Amino acid sequence: MEDISLAGDEVLVILARRHLAGNMRLQRLSPEEIARYHAYVLEADRQRHLLAHGLKRQLLARFTDAAPETLQFRTGHAGKPALSCEEIHFNLSHSGDWVALAFSAGHAVGIDVEQARNLEYQNLLTLIAHPQDDPLFAHESPVQAFLSNWSMKEAVTKCLGLGLSMPFTSLWLNHGGNADFTCTGKDGTWHGKHFIRDDTHIAVAVPGIRGDTRFRMMEIGQACLRRL
């Protein structure tokens, strides 16, 4: 099994498929998380919620030597959830068949995962694009261009804790090769990684220009979950 640990100079990205939700214990979630679980109408939404928050607790417990159900969270900058007493940053996202989580011991982090749906992506792209976005996007299909652009920009806004309240048209993207990207806005610059797994786009972002941050991504399966 690959080492599930968190070094100070890295961002760890964990991917898990939705069907693994059956391995999670609902009672380990907080009363608020359990209430949100029961509020979902669709079983797929319940599975994504349970897997995302169950993994969040299991992995943070592993990094902090605590029991998953004892972890306490607070509302951080701009309403972004944060651990109450540990300097470990995290963020989570889910879409379609995937749940994605990002962890960092050094700085804020944001992650987004997007699986294609039956939408008019050509029209949607014009609503989020910036005139200075890298022209490489123009060579992609409307679906891939939109999902690339959206996932990277949402990873940035989630890193800030602003999510969809920040206009994506205020951010412009540049490809850096080797899955690297940078994103610039009036409030700063961010860098990160953008991956595509089974036609699903995953983007993770941290503050600042490209530096020594190492991004490590791993997909966990049922055997790995049993060892957490």
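# Exercises on a predicted model

In this predicted model, seven bridges link strand E1 (residues 10-17) with strand E5 (residues 98-104), and the two strands run antiparallel.

**Exercise 1. Determine which residue of E5 stands opposite Arg 17, and describe the sheet that contains E1 and E5.**

Solution.
1. Begin with the pair named above: E1 and E5 are antiparallel, and Arg 17 faces Trp 98 in E5.
2. Extend the pair to the whole sheet. The sheet is open, has four strands in the order E4-E5-E1-E11, and shows mixed pairing.
3. Identify the edges. Strand E4 (89-95) and strand E11 (214-219) each pair on one side only.
4. Add the twist, which averages 15 degrees from one strand to the next.
5. Place the helix. Helix H2 (residues 43-64) packs on the sheet and touches E1, E4 and E5. The direction of H2 makes about 25 degrees with that of E5.

**Exercise 2. Classify the relative direction of helices H1 and H2, and characterise their contact.**

Solution.
1. Two packed helices are described by the angle between their axes and the distance between the axes.
2. For helix H1 (residues 31-39) and H2, the axes come within 8 Å and cross at roughly 160 degrees.
3. Apply the cut-off: angles over 145 degrees count as roughly antiparallel. H1 and H2 are therefore roughly antiparallel to each other.
4. Assign the hand: the crossing of H1 past H2 is left-handed.
5. List the partners. H1 contributes Glu 33, Arg 36, Tyr 37 and His 38, while H2 contributes Arg 46, His 49, Leu 50, His 53, Lys 56 and Arg 57.
6. Sort them by class: two are nonpolar, three polar and five charged.

**Exercise 3. Give the crossing geometry of helices H3 and H4, and state how many nonpolar, polar and charged residues form their contact.**

Solution.
1. The axes of helix H3 (residues 121-128) and helix H4 (residues 142-160) come within 9 Å, crossing at roughly 35 degrees.
2. This crossing is left-handed.
3. On the H3 side, the contact involves Tyr 121, Gln 122, Leu 124, Leu 125 and Ile 128. On the H4 side, the residues are Pro 142, Val 143, Ala 145, Phe 146, Leu 147, Asn 149, Trp 150 and Lys 153.
4. By class, the contact of H3 with H4 comprises ten nonpolar, two polar and one charged residues.

**Exercise 4. State where in the protein chain confidence is lowest and where it is highest.**

Solution.
1. Take the chain as a whole: the average pLDDT is 90, and 98% of the residues score at least 70.
2. Locate the extremes. Confidence is lowest in helix H5 (residues 222-227), with a mean of 78, and highest in E5, at 97.

Conventions. Residues numbered from 1 in each chain as written. Predicted model: local features only at pLDDT ≥ 70, side-chain atom pairs only at ≥ 80, totals over all residues. Heavy atoms only, no water. Pairing = 2+ DSSP bridges. Axes fitted to C-alpha atoms, helices over the stretch in contact; angles between N-to-C directions. Contact = heavy atoms within 4.5 Å. Left-handed = near helix turned anticlockwise from the far one by under 90°. Nonpolar A, V, L, I, M, F, W, Y, C, P; charged D, E, K, R; others polar. pLDDT = per-residue confidence, 0-100. Parallel < 35°, antiparallel > 145°, perpendicular 65-115°, else oblique.
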